[in-house]
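Please walk me through this structure. I would like to hear about its metal site, its nonpolar cores and its backbone.

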Amino acid sequence: MSIQLFGMPVSRGVAIGRAVLVASSRVDVAHYFVAREHVDDEIDRLRQARDTVAAELGALQRDLPEDAPAELSALLDVHLMLLHDETLTGAAKSWIVDRHYNAEWALSAQLEVLARQFDEMEDDYLRERKADLEQVVERILRAMSRDPAAVDHAEHAGALGPRDFAGEDPLVLVASDIAPADMMRFKRSVFTGFITDVGGRTSHTAIVARSMDIPAVVGAREASRLIRPDDWVVIDGDAGVVVVDPSPIVLEEYRFRQRQSELERARLHRLRHTPSVTLDGQQVELLANIEQPGDAAGAVEAGAVGVGLFRSEFLFMSRGDDLPGEEEQFEAYRDAVIAMRGLPVTIRTVDIGADKPLERMTVQELRHEHVLNPALGLRAIRWSLSEPGMFRQQLRAILRASAFGQVRILIPMVAHLSEIRLTLEALERARRQLDEAGHAHSRVDLGAMIEVPAAALSLGQFLRYFDFVSIGTNDLIQYTLAIDRADDAVSHLYDPWHPAVLTLIAGVIEHANRAGKGVSVCGEMAGDPAFTELLLAMGLRSFSMHPAQISAIKQRILRADTRRLSSALPRVLASENPQLEAAAAFAGPHQ
Ligand code: PEP
Ligand code: MG
């Protein structure tokens, strides 16, 4: 029977494919595809972890004190029995062989299948055995996470074509939640669409999905429970709708829309080399947001005139304790700079924390054990300043890349003058260390992300220390409205059109323009055509976005007259309903 699910649209277009489920787990599990030649090793990892757990459980049973309750021994028996049950590890092996899932993913996928069977059991006693099964799986996953080979195997992640493991049908990924780091692994992978139960439109998982330019819906609540592996699924990334098991007539309609959307993309793509100039002759800079050096080539191909935001933290995620050192970072930054062929590259220092945890501190740990609200915790520049050695290492790596092209440094989440002073000192020291070591480096511009209301309101003082600012609207909205951007429960209140948000953005643009400092927007608003006229009206002339969005934004810029837009701006800012007012005020012969 066909069902419809509703969530939030993240990335445009229509995807049609068979569902691949990523099960959620209490243990943080990496999901990736293993290359054909590593399948046997992966099965070995699973077998070894199972044997390790069998030995652990055996030892526990042996060491039980005489007076231990009999139930405890019986429980260990049940766990040992589940551990050796072919429906668990035997079936998990099939996921590795048939689908090329990594061992952790295979095991949690099989747990999901068995858990559903347990849920449907009539007998209370048997139904409760699900908890035992989960504990056994958790033990195996933990044993695997202690295995150093896991990191090696993850290196081979995701670079497979669909025929390598799953027949001819296109695949869509369905998950309760996907960590941004996992999403990065899937970036090189085969999925034609994504669905998650949770998440907001500007969560980092959604941002990575958008950068892949494939249809995605987040916050679809029950999706991962209602959708079964291999179900046919339609993802309508424009409307935020998911259709499971569609009827032939619905499928035909969506296939038609899919073709239309592909034609529209091809048409927009023709604009990629057209200069981005408004009707009244205003030049507008369209820059790219990237997550890794490999994205730079796509940015040039999409017509970006530089990188406005290189989210360097993606180099640091999924790494355990082995964070990238100066040399590895230098190579990554240099590669991006070279790939941009002389165009400027804005490298943001690590913005780790909140929904982008390091592996050694998972979101759960951050949220429940260390701090109550990770978005307000040790994040971004706060984290860098708390690890001064690491911070200087990153600054040195970025400065060294400046010998290969135009580099700019961007500091995330600045809120205090003291943070600026400490950053300038660290930068100065990094420069001195490079000079002493005889490493070449050139002049780099220094910029601040304006993404905390305090920074927007203190701009006059902050600007003295920076060459440019970049407005991070994703966080600026989160912190202005006190709405966790990753929390779908409050996503209806996450409102870029809120008058307070618009006042802050307009104020920053005006102030920076007046001071003769560069100002750009690199949050998701810059790549959303719904805001192009508004931002132009505010005086913005530099937009940074996912490469896939550049042509759509350029099309709007080519049709805009900034004089007319600016004259309508006061009406929009003064309105109680700016979105409605903007629709009326900015509409015109060319919009
Ligand atoms: C922002 O906050 O708008 C931004 C661009 O940074 P990030 O999305 O990486 O937090
Ligand atoms: Mg931010």
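**A guided look at the model**

This is a predicted model. Start at the metal. The magnesium ion (ligand 2) has two protein donors, Glu-451 (OE) and Asp-475 (OD). They lie 2.0 to 2.1 Å from the ion. The pair links distant parts of the chain, 24 residues apart. Glu-451 sits in the loop between β13 (445-450) and α17 (453-457). Asp-475 belongs to helix α19 (residues 473-481). Both Glu-451 and Asp-475 are buried.

Next, the nonpolar interior. The largest nonpolar core has 152 residues. Which residues have the most contacts inside it? They are Trp-105, Ile-140, Phe-194, Phe-543 and Phe-586. Take Phe-543 as an example. Leaving aside residues up to four places away in sequence, Phe-543 touches Val-284, Glu-285, Leu-286 and Leu-287. Its other contacts on that count are Val-521, Ala-526, Thr-532, Leu-535, Leu-536 and Ile-553. A second core is separate and has 15 residues, including Ile-195, Val-217, Ile-235 and Val-244.

Now the backbone. Most residues other than glycine have a negative phi. Asp-213 has a positive value, with phi near 55 degrees. Its place is the loop between α8 (204-211) and β6 (216-218). Ala-380 also has a positive phi, near 55 degrees. This alanine is in helix α14 (residues 380-386).

Are these two residues buried or exposed? Asp-213 has a relative accessibility of 24%, so it counts as partly exposed. The cut-off for buried is under 20%. Ala-380 has a relative accessible area of 0%, so it is buried.

How values were computed:
Residues numbered from 1 in each chain as written. Chains lettered and ligands numbered in written order. Predicted model: local features only at pLDDT ≥ 70, side-chain atom pairs only at ≥ 80, totals over all residues. Heavy atoms only, no water. Helix = DSSP H or I, 4+ residues; strand = E, 2+ residues; numbered from the N terminus. Buried < 20%, exposed > 50% of the residue type's maximum accessible area, 1.4 Å probe, protein only. Core = buried A, V, L, I, M, F, W, Y, C linked by side-chain atoms within 4.5 Å. Contact = heavy atoms within 4.5 Å. Donors = N, O, S within 2.8 Å, 3.2 Å for Na, K, Ca; no water.
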